[in-house]
Amino acid sequence: MADKAKMRAVVDAFKHAWAAYERNAMGYDEYHPLTKRGTNFSLKGGIGYMIIDALDTIQIMGLEDEYKRARQWIADSLSFDRDENFNLFETTIRVLGGLLSAYHLSHNDTLYLEKAIDLADRLLPAFDTASGVPQAMSNLGQRVGIYDRGNGGMVSTAEATTLQLEFRYLSHISGNNTYWDKAEKVLRIVKDQTLPLGGLAPIFMQPEKGEFALTDIRLGSRGDSFYEYLLKQYIQTNQTEPVYRKMYDKTMRAVQDRLVKKSMKKGLSYTVELQANYRINEEPWKESPKQDHLVCFLGGSLMLGTRFGGSDLANARDWKTGEALVEGCMATHETETGLSPEIVYWRVQGDNLGDTYPNDWYIKGSYGVARGGSWTKMTSYDARYILRPETVESLFLAYRLSGDNKYREWGWGIFQSIEKYCRLESGGYASIVDVDDANSRKDDKMETFFLAETLKYLYLLFSDDTVIPLNEYVFNTEAHPLPIFTPSLDRRWLEG
């Protein structure tokens, strides 16, 4: 049953955020709510990141006036002809995914399809490598893939393997199989490799060789959505491609065997990272109790997987682990603000921290120092809350799948904390620098994913299950719902 009062509260929050952006920065890729200005990812002009990322949230919430103005901007002002380098992954999940979702939710408004095809055609040259694994960047104006000097030419695993939902759906509605084939080839390359530790993927790939590099293994940044999209590709094509379910089951067994741990005091579930060790004659991976907020997608994802195939034994294990991981992530919201930090570290035996941190987890690098006869708190980069959606994403999935009202209660608590500590009376919402300081300084940034994901998942958490039902839609990693469809036989990846 829908909780209409809470739905209205979330809609009001969205309108408060959107009105500030529309008033002060309409058309810019990013919004800075403290200085009331917009910026673009390119000196040559923006490509609609904020507008397109938020568009399907506007549609789902039924905000007709806001929708008309956003659509008009796309029709009149949006251009992808920018002689500048854009990240292939971010542009695909936010902009291409947003256009495709808007196309479906608008009952096939061809404006969005035309824009999506134009953008995808400018992104495709990134796949023109010796292996077919894409470069991390694309120059949209020149239509070429760009070598990422910052990472030695490598592309993160998440970047290369989190393009498939969008490109496959675009093929399905456009009839152009090139998009599908380019994206699927990356997963074929991944499947043909022997992944370490039973199916865990290092966080970087080498595009020219089509191989994984000996790098860290983690479920947070640069690794997270690889695991997410294995399941979601299976769901997207109506469970007609069991190869993805098999790959997903293998990786989830490895994740639970090697990366899921229990905390020292309360027995909470959390995940560790494996840091690459390059020393000869030593174990290649060193365990670190570091957990990104990004990892909090995993609990809900594991629970979702139990509804789409899988053995009874695996589903029972995944459901139990998923529930426990959601509870562990909620523990990281036990801060002065009720918001979770960007990164936490979990206490482990032999960490030599003594009683410095009395709880199961801590924020590394935040401590007090004596200055001028008084104590001043030093805040680490890890202590930020940047309006991220991952915990509320899992709460939404957990509630839809279980009906347990505790997930709504937890989500409402997070929403109230956002309202109290991030909302600006002058308009918009800002990140905060320290979740453990009720008077924390705010940061001049309202991320596009706050509108695309955080508020959308909160709205859906309090809606009934007829709004974007899970048996009809699959969400891309930026929370853009795409319809589940049954592809023609020649499109299905059937294992030989």
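These exercises, with worked solutions, look at ring contacts and cysteines in a predicted model.

Local features need pLDDT of at least 70, side-chain atom pairs count only at pLDDT 80 or more, and totals for chains, interfaces and linings use all residues. Residues are numbered from 1 along each chain as its sequence is written, and side-chain values use heavy atoms, with hydrogens and water left out.

**Exercise 1.** Classify the ring pair of tyrosine 407 and tryptophan 410, then place both residues in the fold.

*Solution.*
- Start with the rule. Rings of Phe, Tyr and Trp (its six-membered ring) pair if their centres lie within 6.5 Å. Planes under 30 degrees apart count as stacked, over 60 as edge-to-face, and the rest as tilted.
- Search the whole structure. The search gives 20 aromatic pairs.
- Take the pair in question. The centres of tyrosine 407 and tryptophan 410 are 5.6 Å apart, with 85° between the planes, and the pair is edge-to-face.
- Find the element. Both residues sit in helix 14 (residues 406-421), three residues apart, so about one helical turn separates them. Helices here are DSSP runs (H or I, at least four residues) and strands likewise (E, at least two), numbered from the N terminus.
- Check accessibility. Buried means under 20% relative accessible area, exposed over 50%, partly exposed in between (1.4 Å probe, protein chains only). Tyrosine 407 is buried at 1%, whereas tryptophan 410 is partly exposed at 25%.

**Exercise 2.** Which residues do ring pairs link into a cluster, and which arginine lies over the face of tryptophan 180?

*Solution.*
- Follow the ring pairs. They join Phe14, Trp18, Tyr21 and Tyr31.
- Apply the charge rule. NZ of Lys or CZ of Arg must be within 6 Å of the ring centre and within 35 degrees of the ring normal.
- Read the case. Arginine 168 lies over tryptophan 180, 5.1 Å from the ring centre.
- Add another. Arginine 384 lies over the face of tyrosine 381, at 3.4 Å from the ring centre.

**Exercise 3.** Locate the disulfide, a pair of cysteine sulfur atoms within 2.5 Å, and state its handedness.

*Solution.*
- Count. There is one disulfide.
- Name the partners. Cysteine 296 bonds to cysteine 329, S to S 2.0 Å.
- Place them. Cysteine 296 is in the loop between strand 13 (290-292) and helix 11 (298-305), and cysteine 329 is in helix 12 (residues 312-331), so the bond ties together parts 33 residues apart in sequence.
- Read the torsion. About the S-S bond of cysteine 296 and cysteine 329 it is about -100°, so the disulfide is left-handed.
- Check burial. Cysteine 296 is buried at 3%, and cysteine 329 is buried at 6%.

Terms used
A disulfide is a pair of cysteine sulfur atoms within 2.5 Å.
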